[in-house]
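Work through the exercises below with the model open. Try each task before you read its solution.

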Amino acid sequence: MNNPVVIVGAGLSGLRAASLLTAQGIKCRVLEARDRIGGRVLSTADPNKPDLGKFDLGPTWFWPQYESTITNLVKELNLGTFVQYTKGAMLSERFQNEAPERYVLPESSDARSIRFIGGAQSLIDAVADTIPSGIVELETRVTAIRLDKAGAITVEADLADGKRKRVSADAVILALPPRIVARHIEFSPSLPPNLMTDLVNKPTWMAGQAKAVAIYDRPFWRESGLSGFVSSWVGPLQEIHDASPDTGSGALFGFFGLTAKIRRELGEDKILKLVIDQLVRLFGPSAQSVSAILYKDWSRDVETAVEEDFDPLRNYPSYGQPPIVGRWEKKIIFAGTETNSQYGGHLEGALQSAEQAVFEIMNLNNKPL
């Protein structure tokens, strides 16, 4: 290859693809629209109390008993992990004016959820550390990919300073949500209609969802024999888990039952008040003494969601590789968790899709992986 492989997107999939390619001696460049790496992986600290730890506003868990790719990578990168706290009773909140019911779930050592010390961002940072400096270019928004009659590829991108950049590529790995590709990148010649339909019909994982994390000085609910796990039909959070770091402070996080449209109408301040009210209702007055509350509405993240993602998912999406035929075959390759049929929506799916994309690049180079 004379020109680099251009990877669009510096989430887990794009970064892993870059790491694997550079390890094989294949030139690549990673173009990322955001001002940070990680994509939908986002671990944040309370800016006023960073010592309390980092908390995940995106993916949180992986499951070693099912997911070998991420498990092996975590070992290879020597990352610290710990088991999700589940000791004690769960709460079930069924009706607005009734106290939550308390249940003790049977222990199941086979389905342990594993978390990262320092948040899932520690995985992103560790993968990024395996990539030589200068390969990842932030605030570089790809707007067009052009293929001339000779088969040469040009990638066009807008920069933060208003300038435009053109990059020649021998192949392009699209490591970003399929709907973002369909809505925000112009292709010349146009992608085939069946491919465009496939991209638009792949919902972006988490894009319609929002997540709130309430941070406390300590995980006080454990003192009452509670695990922090809640299932609620009342809301606004429909599912709550213990989000405490492995040591020190406490935290509870939850997913919303409210649609993106309702969240927008209510506004962040009203939503967070409702969250605190719910936590007090469930866990008692101690829940009022929150050190900070973090909030991320992924439907408002333009690098993640398009309008079609605002409707909540009713069923698990049908994920897998988009069908590429014709002139774009072997020129563009899709990666990202939505392109993995077995683990779509998981970090495992993002990693497996990166490995598959690199495998295809290696075949183009006639090099064994």
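The exercises cover the cores, two helix pairs, one buried loop residue and some backbone features.

This is a predicted model, in which local features need pLDDT of at least 70, side-chain atom pairs count only at pLDDT 80 or more, and totals for chains, interfaces and linings use all residues. Residues are numbered from 1 along each chain as its sequence is written, and side-chain values use heavy atoms, with hydrogens and water left out.

**Exercise 1. The cores**

Describe the largest nonpolar core and find which element gives it the largest share.

Step 1. Fix the terms. A nonpolar core is a set of buried Ala, Val, Leu, Ile, Met, Phe, Trp, Tyr and Cys residues joined through side-chain atoms within 4.5 Å. Buried means under 20% relative accessible area, exposed over 50%, partly exposed in between (1.4 Å probe, protein chains only). Helices (H or I, at least four residues) and strands (E, at least two) are DSSP runs, numbered from the N terminus.

Step 2. The largest core holds 43 residues. Ile7, Leu21, Phe116, Leu123 and Ile173 have the most contacts inside it.

Step 3. Elements giving two or more residues to this core include strand S1 (5-8), helix H1 (12-23), helix H3 (121-128) and helix H8 (347-364). H8 gives the largest share, 8 residues.

Step 4. Another core, of 28 residues, lies apart from this one; Val8, Val155, Ile180 and Ile324 are among its members.

Step 5. Now take Leu21. Contact means heavy atoms within 4.5 Å. Beyond its neighbours within four places in sequence, Leu21 touches Val5, Ile7, Ile26, Cys28, Ile173, Val358 and Ile361.

**Exercise 2. Two helix pairs**

Work out how H1 packs on H3, then how H2 packs on H8.

Step 1. Axes are lines fitted to C-alpha atoms, for helices over the stretch in contact, and angles run from 0 to 180 degrees between N-to-C directions. Angles under 35 degrees count as roughly parallel, over 145 as roughly antiparallel, 65 to 115 as roughly perpendicular and the rest as oblique.

Step 2. H1 and H3 pack at about 25 degrees, axes 9 Å apart. H1 is therefore roughly parallel to H3. Leu12, Leu15, Arg16 and Ser19 of H1 meet Leu123, Ile124 and Val127 of H3.

Step 3. H2 and H8 pack at about 85 degrees, axes 8 Å apart. H2 is therefore roughly perpendicular to H8. Ser68, Thr69, Ile70 and Leu73 of H2 meet Leu347, Glu348, Leu351, Gln352 and Glu355 of H8.

Step 4. Check the cover on H3. Of its 8 residues, 7 are buried. These buried residues pack against H1, S3, strand S4 (54-56), H2 and S8.

**Exercise 3. A loop glutamate**

Is Glu32 buried or exposed?

Step 1. Glu32 sits in the loop between S2 and strand S3 (43-45).

Step 2. Its relative accessibility is 4%, so Glu32 counts as buried.

Step 3. Leaving aside neighbours within four places in sequence, Glu32 contacts Gly9, Ala10, Gly11, Glu137, Leu138, Glu139 and Thr140.

**Exercise 4. Backbone features**

Locate the cis peptide bonds at Pro189 and Pro236, then examine phi at Met206 and Lys330.

Step 1. A cis bond joins Ser188 and Pro189, with omega about 0 degrees. Pro189 is in the loop between strand S14 (186-188) and helix H5 (193-200).

Step 2. The bond from Gly235 to Pro236 is cis too, omega near 10 degrees.

Step 3. Met206, not a glycine, has a positive phi of about 75 degrees. Met206 is buried at 17% relative accessible area.

Step 4. Lys330 has a positive phi near 70 degrees. Lys330 is exposed, at 57% relative accessibility.
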